[in-house]
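Here's a quick look at some charged pairs and a couple of backbone oddities. Keep the viewer open as you read.

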Amino acid sequence: MAADSSARRQPTFAKVDQLRPGTHGHNLVVKVVDSKMALQRGRAEGGPQGRQQMRIAECLVGDETGIIVFTARNDQVDIMKPGAIIELRNAKIDMFKGSMRLAVDKWGIVKAAESPAEFTVKEDNNLSLIEFELVTVVE
């Protein structure tokens, strides 16, 4: 067994304009432009055992190449404050009504970026406004 096999591989970070429908495993550093609560269900305390509060927020996040809608769930909502620099690990692209949405499930990480990144978000390139159509190719 190699001595360095336990050393973790450094993640490679992608840019927003590289995201494509149906892809996953993206690592990104983005700035939160906007955040709106989309759904809030359940009670925080006093509810039946096992029933948790469910919160979903639609957040506009981006970098110097473009912006995309990020669907934040539950604890992720608290981190997604406008102006915050966020590190997304193992993010995936979900399709919603023909447009791309960025999401991080239980296999990924959403956290405040450790090193403050200074960049201006390119807001005139919104990847969530591009409509994709599923085309069946017959061979």
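Is Glu-114 buried or exposed? With 64% relative accessibility, Glu-114 falls in the exposed class. Keep in mind that this is a predicted model.

## The salt-bridge network

Glu-114 isn't on its own out there: its side chain forms a salt bridge with that of Lys-111, at 2.7 Å from N to O. Lys-111 is partly exposed, with a relative accessible area of 26%.

Lys-111 also has a salt bridge to the side chain of Glu-87, and here the N to O distance is 3.8 Å. Glu-87 sits in strand β4 (residues 85-96) and Lys-111 in strand β6 (residues 109-112), so this contact ties together parts that are 24 residues apart in sequence. The Glu-87 end is buried, at 8% relative accessibility. Add Arg-89 and you have the network: Glu-87, Arg-89, Lys-111 and Glu-114 are linked by salt bridges.

## A strand-to-helix pair

How many salt bridges does the model have? The count comes to 8. Another one to pull up joins the side chains of Arg-55 and Asp-78, with N to O at 3.0 Å. Arg-55 belongs to strand β2 (residues 54-63) and Asp-78 to helix α1 (residues 75-79), so the pair links parts that lie 23 residues apart in sequence.

As for exposure, Arg-55 is buried, with a relative accessible area of 14%. Its partner Asp-78 is partly exposed, at 40%. The cut-off for buried is under 20% relative accessible area, which is why Arg-55 and Asp-78 get different labels.

## Two asparagines with positive phi

Now for the backbone. Most residues other than glycine have a negative phi. Which residue in the loop between β3 (66-73) and α1 should you check? That would be Asn-74, where phi is positive, near 50 degrees. Asn-74 counts as partly exposed, at 31% relative accessibility.

Asn-90 is another case: it isn't a glycine, yet its phi is positive, about 55 degrees. Where does Asn-90 sit? It is in strand β4, the strand that also holds Glu-87. Asn-90 is partly exposed, with a relative accessible area of 33%.

Technical notes
Residues are numbered from 1 along each chain as its sequence is written. This is a predicted model: local features need pLDDT of at least 70, side-chain atom pairs count only at pLDDT 80 or more; totals for chains, interfaces and linings use all residues. Side-chain values use heavy atoms; hydrogens and water are left out. A salt bridge is a side-chain nitrogen of Lys or Arg within 4 Å of a carboxyl oxygen of Asp or Glu. Helices (H or I, at least four residues) and strands (E, at least two) are DSSP runs, numbered from the N terminus. Buried means under 20% relative accessible area, exposed over 50%, partly exposed in between (1.4 Å probe, protein chains only).
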